[in-house]
Amino acid sequence: MIDRFQERLTQVEQVIGAETMNYETSEVTAELRELTGGRGPDVCIEAVGMEAHRDGPDFAYDQLKQQLRLQTDRPTAVREAVFAARKGGSLFVLGVFGGYVDKFPLGAIMNKGLTLRSVQQHGHRYIPMLLERMARDEIVTEHLATHVMPLDDAPDGYAMFKDKTDGCVRAVFRP
Ligand SMILES: NC(=O)c1ccc[n+]([C@@H]2O[C@H](COP(=O)([O-])OP(=O)(O)OC[C@H]3O[C@@H](n4cnc5c(N)ncnc54)[C@H](O)[C@@H]3O)[C@@H](O)[C@H]2O)c1
């Protein structure tokens with residue numbers, strides 16, 4: 001699991017037991033390759049979306065083109081996942097994109113033989129099953145609700161979520 005917010009990485013280590021990487025202090029692609037015997041991950045799940053962040057020239061390029069309305073979304077994390085995945089691997093785009101992106105590495109997808117999949121969460125189909133599994137304690141989500149607050153405080157909750165302040169992962173409002 002890759003992110004830049006240490007509290008999110010720590011939560012994933014403690015609750016899920018997954019290995020984590022901070023992309024601000026790691027060479028992500030090189031380190032993933034090293035962790036996977038030089039091949040790259042079998043499956044990359046991109047859960048970032050059109051507001052991806054990164055240091056470096058490719059992010060500056062993406063942000064400039066987005067601000068000049070020459071592309072609608074920043075595909076920074078998708079691109080990174082394409083380059084990281086192993087040959088013959090899979091890439092799952094879970095983050096939301098709204099329109100057009102530039103410098104999409106179709107050549108790498110084709111020549112590495114990647115399988116590319118995506119989805120919008122299919123609520124009608126999956127939410128009943130997910131709620132049943134939560135009721136049986138098979139899926140635990142309490143740790144995600146880092147800020148539970150009255151509905152009147154919703155503007156503060158949204159601002160905290162947007163700016164990622166005070167370790168906010170999810171703000172939950174109680175009417
Ligand atoms: N496909 C669906 O059905 C579905 C459902 C829910 C949410 N989404 C989308 O998933 C995305 C994430 O949603 P969220 O609510 O978890 O948002 P969030 O803001 O809580 O999390 C996004 C995370 O991405 C990280 N990030 C930014 N750039 C990165 C990079 N280059 N590499 C690694 N991590 C990076 C941020 O640090 C942040 O922690 C959004 O695009 C959202 O719209 C899709």
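## A first look

Is Asp-137 buried or exposed? Asp-137 is exposed, with a relative accessible area of 62%. Hold on to that residue, as it comes back further down. Before going on, one thing to keep in mind is that what you're looking at is a predicted model.

Now for the overall picture. The protein is built from seven helices and seven strands. Start at the N terminus and walk along, and the elements come in the order β-α-β-α-β-α-α-β-α-β-α-β-α-β. The C-alpha trace spans about 50 × 40 × 35 Å along its principal axes. There are 175 residues in the protein, and 30% of them count as buried.

## Salt bridges between distant stretches

Side chains of opposite charge can pair when their charged atoms come close. This structure holds nine such salt bridges. Let's look at some of them in turn.

One of them joins Asp-42 and Arg-86, whose closest N and O atoms are 2.6 Å apart. Asp-42 sits in the loop between helix H2 (28-35) and strand S3 (43-46), while Arg-86 sits in the loop between helix H4 (76-84) and strand S4 (90-93), so this pair ties together parts that are 44 residues apart in sequence. Both ends are partly exposed: Asp-42 has a relative accessible area of 39%, and Arg-86 comes in at 23%. There's a third partner here too, as Arg-39 is linked with Asp-42 and Arg-86 in a network of salt bridges.

## Bridges that involve helix H3

What does Asp-62 meet in a salt bridge? The partner is Arg-79, and the N to O distance is 2.9 Å. Asp-62 belongs to helix H3 (residues 57-67) and Arg-79 to helix H4, so the bridge ties together parts 17 residues apart in sequence. Asp-62 is buried, with a relative accessible area of 0%. Arg-79 is buried as well, at 8%. A residue counts as buried when its relative accessible area is under 20%.

Helix H3 also supplies Lys-65, whose side chain meets that of Asp-102 in a salt bridge (2.7 Å, N to O). Asp-102 lies in the loop between S4 and helix H5 (106-112), so the pair ties together parts that are 37 residues apart in sequence. With 19% relative accessibility, Asp-102 counts as buried, because the cut-off for buried is under 20%.

## A pocket and a nonpolar patch

Next up is the second largest pocket, which has a volume of about 190 Å³. Which residues line the second largest pocket? They are Phe-92, Leu-94, Val-119, Gln-121, His-122, Arg-125 and Tyr-126. Sorted by character, the lining has four nonpolar residues, two polar ones and one charged one.

Tyr-126 turns up again on the surface. Together with Ile-127, Met-129, Leu-130, Leu-131 and Met-134, Tyr-126 makes a nonpolar surface patch of about 480 Å². Take Ile-127 from that group: you'll find Ile-127 in helix H6 (residues 123-135). Ile-127 counts as partly exposed, at 38% relative accessibility.

## Two unusual backbone angles

Most residues other than glycine have a negative phi, and most peptide bonds are trans. Here are two residues to compare with that. Arg-69 isn't a glycine, yet its phi is positive, at about 60°. Arg-69 is in the loop between H3 and H4, and it counts as exposed, with 71% relative accessibility.

Now back to the residue from the opening. Asp-137 has a positive phi of about 60° too, although it is not a glycine. Its place is the loop between H6 and S6. As you saw at the start, Asp-137 is exposed, at 62%.

## Toward the end of the chain

Where is Asp-153 found? Look in the loop between strand S6 (147-150) and helix H7 (154-163). Asp-153 counts as partly exposed, at 31% relative accessibility. Between Asp-153 and Ala-171 there is a separation of 18 residues in sequence, and in space the two are 9.9 Å apart, C-alpha to C-alpha.

Terms used
Residues numbered from 1 in each chain as written. Predicted model: local features only at pLDDT ≥ 70, side-chain atom pairs only at ≥ 80, totals over all residues. Heavy atoms only, no water. 1 Å grid on protein atoms, 1.4 Å probe; cavity = no way out; pocket = protein on both sides within 12 Å on 5 of 7 lines; lining within 4 Å. Points joined across faces, edges and corners; volume = space filled by probe spheres on them. Nonpolar A, V, L, I, M, F, W, Y, C, P; charged D, E, K, R; others polar. Patch = residues over 30% accessible without salt bridge, like charges linked within 9 Å, V, L, I, M, F, W, Y side chains within 5 Å. Areas by Shrake-Rupley, 256 points an atom, 1.4 Å probe, with all protein chains shown as cover. Salt bridge = Lys/Arg side-chain N within 4 Å of Asp/Glu carboxyl O. Helix = DSSP H or I, 4+ residues; strand = E, 2+ residues; numbered from the N terminus. Buried < 20%, exposed > 50% of the residue type's maximum accessible area, 1.4 Å probe, protein only.
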